[in-house]
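Welcome, and please have a look at the chain shown here. The report below walks through its helices, its loops and its surface.

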Amino acid sequence: MKIQGKMFIWLSVFILVVAAVYGYWSKEPAGTTALFLAFGLSIMIGFYLAFTAKRVDVGAQDNKEADVADDAGEVGFFSPHSWQPLALGLGGALAFLGVAVGWWIMYFSAPVILVGLFGWVFEYYRGENRTQ
């Protein structure tokens, strides 16, 4: 976490320099204000990360000898045979098509989304996968 804090602090220094140069050359208040606000947000994030890094254990990203696998945790459980994400994807695609083409397509996409959603939520409550 220390390296992220340092990165944000250096980013905020860069943004501050850019904001000063931009404000001097352009005399444009909106862009200059936006850059100074970006500096403020970046310095807040950098300070938070640097402040928090002192209070937490050293992570794998702070060790130069660490491997990528050292920081990996458990990803979770994903059903290897589920068809429900396909139904949700098709329903979502129909819904976005309804936004672009016509709202009447939402009447066809809503049942597909609901069937996919309820099927995915209750996938392990019935059928052959009930005991998993």
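## Terms and overall fold

A helix here is a DSSP run of H or I with at least four residues, and helices are numbered from the N terminus. Please keep in mind that this is a predicted model. Four helices and zero strands make up the secondary structure of the chain, and the order of elements from the N terminus is α-α-α-α.

How does the radius of gyration of the chain relate to that of a compact globule? The chain has 25 Å, whereas a compact globule of 132 residues would have a value near 14 Å. Along the principal axes, the C-alpha atoms of the chain fill a box of roughly 65 × 45 × 20 Å.

## Burial, contacts and surface

Of the 132 residues in the chain, 20% count as buried. The exposed area of the chain is about 10500 Å², and 71% of that is supplied by carbon and sulfur atoms. Looking at contacts between residues at least 6 apart in sequence, 58% join residues at least 24 apart.

## Helix 1

Helix 1 covers residues 2-26. Its 25 residues should span 36 Å at 1.5 Å a residue, and the distance of 36 Å between its end C-alpha atoms therefore agrees with the expected value.

Which residues of helix 1 are buried? They are G5, S12, I15 and A19. The cover over the buried residues of helix 1 includes helix 2, which runs over 29-53.

## The turn at K27

Just after helix 1, the backbone takes a positive phi of about 55 degrees at K27. A dihedral plot may be a handy place to look for K27, whose positive phi, near 55 degrees, occurs in a residue other than glycine.

K27 sits in the loop between helix 1 and helix 2. Is K27 buried or exposed? With a relative accessible area of 62%, K27 is exposed, because the cut-off for exposed is over 50%.

## Helix 2

Helix 2 passes the corresponding length check: its 25 residues should span 36 Å at 1.5 Å a residue, and its end C-alpha atoms are 36 Å apart, so the two values agree.

The buried residues of helix 2 are G31, T32, S42, G46, L49, T52 and A53. Helix 1 is included in what covers them, just as helix 2 is included in what covers the buried residues of helix 1.

## A nonpolar patch on the surface

Which residues form the nonpolar patch on the surface? The patch is formed by I9, W10, V13, V17, V21, Y24, W25, L41, I43 and M44, and together they have about 1100 Å² of accessible area. Helix 1 and helix 2 each supply at least two residues of the patch, and the largest share, seven residues, comes from helix 1.

Two members of the patch serve as examples. Y24 lies in helix 1 and counts as exposed because its relative accessibility is 58%. M44 has its place in helix 2, and at 53% relative accessibility M44 counts as exposed too.

## Sequence distance and spatial distance

How far apart are M44 and E74 in space, C-alpha to C-alpha? The distance is 30 Å, and the two residues are 30 residues apart in sequence.

D71 offers another pair to look at. D71 lies in the loop between helix 2 and helix 3, the latter being residues 84-100. The C-alpha atoms of D71 and V101 are separated by 45 Å, with the two residues 30 apart along the chain. Once neighbours within four places in sequence are left aside, D71 is in contact with A60 and Q61.

Methods:
Residues are numbered from 1 along each chain as its sequence is written. This is a predicted model: local features need pLDDT of at least 70, side-chain atom pairs count only at pLDDT 80 or more; totals for chains, interfaces and linings use all residues. Side-chain values use heavy atoms; hydrogens and water are left out. The expected span of a helix is 1.5 Å times one less than its number of residues. Buried means under 20% relative accessible area, exposed over 50%, partly exposed in between (1.4 Å probe, protein chains only). Contact means heavy atoms within 4.5 Å. Patches are made of residues with over 30% relative accessible area and no salt bridge: like charges are joined within 9 Å, nonpolar side chains (Val, Leu, Ile, Met, Phe, Trp, Tyr) within 5 Å. Accessible areas come from the Shrake-Rupley method with a 1.4 Å probe; for residues, only the protein chains shown count as cover. A salt bridge is a side-chain nitrogen of Lys or Arg within 4 Å of a carboxyl oxygen of Asp or Glu. The radius of gyration is taken over C-alpha atoms; the globule rule is 2.2 Å times the number of residues to the power 0.38.
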